[in-house]
Amino acid sequence: MRHTISLLVENIPGVLARVAGLFSGRGFNIESLCVAETIDPKISRITLVTNGDEQIIEQIKKQLNKLINIIKVVDLSEIESVEREMALIKVRAAPEHRAEILRIVDIFRGKVVDVSPDYYTVEITGDANKLQAFIELLRHFRIKEIARTGTVALPRARKAFKEKGEE
Amino acid sequence: MKLTGAQIVIQSLIKEGVNIIFGLPGGAIIDVYDALYDSPIKHILVRHEQAAIHAADGYARATGRVGVAMVTSGPGATNTVTGLATAYMDSIPIVVFTGQVPTKLIGNDAFQEADIVGITRPCTKHNFLVKDVNELAKTIKEAFYIAGSGRPGPVLIDLPKDVQQAKAEFEYPKEVRLAGYNPKYKAHIGQVKKAAQLIASARRPVIYAGGGVIYSKGANEELRRLAEGFSMPVTNTLMGLGGFPGDHPLWLGMLGMHGTYRANMAVIHCDVLIGIGARFDDRVTGKLEEFAPDAKIVHIDIDPASISKNVIVDVPIVGDCRDALLKLNQALSNINIDWEDKHRDWLEQIEEWKKEHVLSYSQPEGGPLKPQYVIEKLYELTKGKAIVSTEVGQNQMWTAQYYKFDRPRTFLTSGGLGTMGYGFPAAIGAQAAFPEKLVIDIAGDGSIQMNIQELATAVSYRLPVKVAILNNGYLGMVRQWQQLFYRGRYSQTSLEYSPDFVKLAEAYGAVGLRATKPDEVEATIKDALSKDVPVFIDFVIEREENVYPMVPAGAPLSHMLLV
């Protein structure tokens, strides 16, 4: 099963390597991984998506908890949360397809961020299902390149675990 | 007054109460060695960095305190990796200082540069690269705290040369606060009560105790109360030997691959298994699916990640072994049961298994020398009071089977990683901690050659370690596997061209002795024990003696090869 795990970690060198090394060393999967500073510059948030059966997910969380630089581990799949991912998609935009592509982008509330004679680069945000559906539709026009951020997520309000300095 | 980083290291070690360190200097750690020169800390100069780590590890296992080692950058640092991995697998608290090239050169492939923090990340509990001398004292404080608390483990501190030379005010922190590290010692009373109820419902309980009982001070006494008070048999893992008296009527012996028949039979047939400070390692469980098939499992461990890692546990108890056992004993004594009566049939059944098969060998008079006989004689002549280390392989398993340990911290062996070359430097570390005690390394002719250069260390510091080499001219355990599972094809396991260990010991200034016949064993051991210098004893044993019982790797415990 797919799990989104949110980590609050000390913002110091080597922490990402510890997390990545734990996954590779113990044979766990990482589907996607996002890292950036939080409001408190001493703390970063790592959001990672992984999969495995219940026992593996349990091990992943316990092993992550053992890392000294990891302050908090929350499995967002166990609580109400919101997830988003952004993608930039460079799609072939032949003259006869331009209008249709724009319509699809519009329906998905995407944005064209770069235009050239042959290509549109489209920005799209949403959860995994929405992105998948959008990519499937654009596939018909030939996607040249794609860059995805990976999932970021937060628990829904009230159930949030607080970051220091974040209210 | 401001101190240099190097002086801060030494002052911090003094604050930590460190009085002995093991190491070998080099260009990138020379400043700390300079500061060490005027300090009261004793330094044991080894001949290879790997041995420094094993010695610190042996010191830590024998004393329960944090062992300390110090080496230079690059090759000095990479030579620590096996020692760190050994300590990591067996949860041994050590702090290792490595020199590093100056911060400005890091990443430039400088002379003797190695990314040791990167290299050792997966085989340390934690590691640090100190880039600012102002962080140094705090880092050392944290390192000692992390190494020795919770589930212990090795911690490495990488010290760039410019940090050793830079100056800062020295103030050693009084306490440590780490947002992401809070080991839990107190066992949850609700869980303990659940465990007590489960144990009360059992008809055929078995206690399976590991290294946690050794590391948690006083846990062995609570374990004994648990066994005696509620009439339950105990089996130990390799790491747990000494956690329960080896001559106790409730003791089943070691379990697992080379465990006793009755210990493995008891685990196969038990209905409640109480795991204490053990981690259900594959050498213990054999085929997982058939491990303790009828049993509900209680698991006490300080490391939550050890619980339900290999075997799904019914009642997990996270906490310090002693605390958990104390509470469990309390909870069980509140239950009104005649435990002796309740478990009588079960203990009788175990006696039956003991009659069916007990550890044994036969030593033909005048015939080839049996290794088991040597170890029994060692046990007898040391009255079981020695600190014993081993190398890895047959020597280790025979020691585990035939030397009966009765106290914690008297058996030093590389259980998890299985590091050949561990025993001799570990014995040196233990001997340095306890100059008055008898320390013996039981070795094979293969493993002893993996750190044999430490003879020089033992001789120069007058550390009178006794090394009993069970010399069969083979990498014996591998040969045994080849004989049993690879159609006798002895691929690269014969060591016919070993040195003359007697002459070799003498060349180093130690004493060398040899015994080749059973009737020479006793006199030779007595001779060795009478000498206050390091002694190598070359026991020339039967070449193809095997360790039995044996459960083939990956097979269920029920598939014991007995003989």
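Start on the surface of chain A: select A:L16, A:I30, A:L33 and A:V35, which together make a nonpolar patch with about 280 Å² of accessible area. Keep in mind as you look around that this is a predicted model.

Stay with one member of that patch for a moment. A:I30 lies in the loop that links α1 (15-25) to β2 (32-37) of chain A. Its relative accessible area is 35%, so A:I30 counts as partly exposed.

Now move over to chain B and show its strands as a cartoon. Here you will find an open sheet of 6 strands, ordered β11-β10-β9-β12-β13-β14, with parallel pairing. Colour β11 (251-254) and β14 (315-318) of chain B to mark the edges, where each strand pairs on one side only. Look along the sheet and you can follow the turn between neighbouring strands, which is 15° on average, direction ignored.

Next, zoom in on one pair within the sheet. Select residues 272-276 (β12) and 296-301 (β13) of chain B: these strands run parallel and are joined by 5 bridges. Across this pairing, B:I274 in chain B has B:V298 of β13(B) opposite.

For the last stop, select the cysteines. How many disulfides does the structure hold over all chains? The count is 0. Centre on B:C321, which is in no disulfide; its nearest cysteine sulfur belongs to B:C270 and is 18 Å away. B:C321 has a relative accessibility of 5%, and therefore counts as buried. Finish at B:C123, which is also classed as buried, at 10% relative accessibility.

Note on methods. Residues numbered from 1 in each chain as written. Chains lettered and ligands numbered in written order. Predicted model: local features only at pLDDT ≥ 70, side-chain atom pairs only at ≥ 80, totals over all residues. Heavy atoms only, no water. Pairing = 2+ DSSP bridges. Helix = DSSP H or I, 4+ residues; strand = E, 2+ residues; numbered from the N terminus. Axes fitted to C-alpha atoms, helices over the stretch in contact; angles between N-to-C directions. Patch = residues over 30% accessible without salt bridge, like charges linked within 9 Å, V, L, I, M, F, W, Y side chains within 5 Å. Areas by Shrake-Rupley, 256 points an atom, 1.4 Å probe, with all protein chains shown as cover. Salt bridge = Lys/Arg side-chain N within 4 Å of Asp/Glu carboxyl O. Buried < 20%, exposed > 50% of the residue type's maximum accessible area, 1.4 Å probe, protein only. Disulfide = S-S within 2.5 Å.
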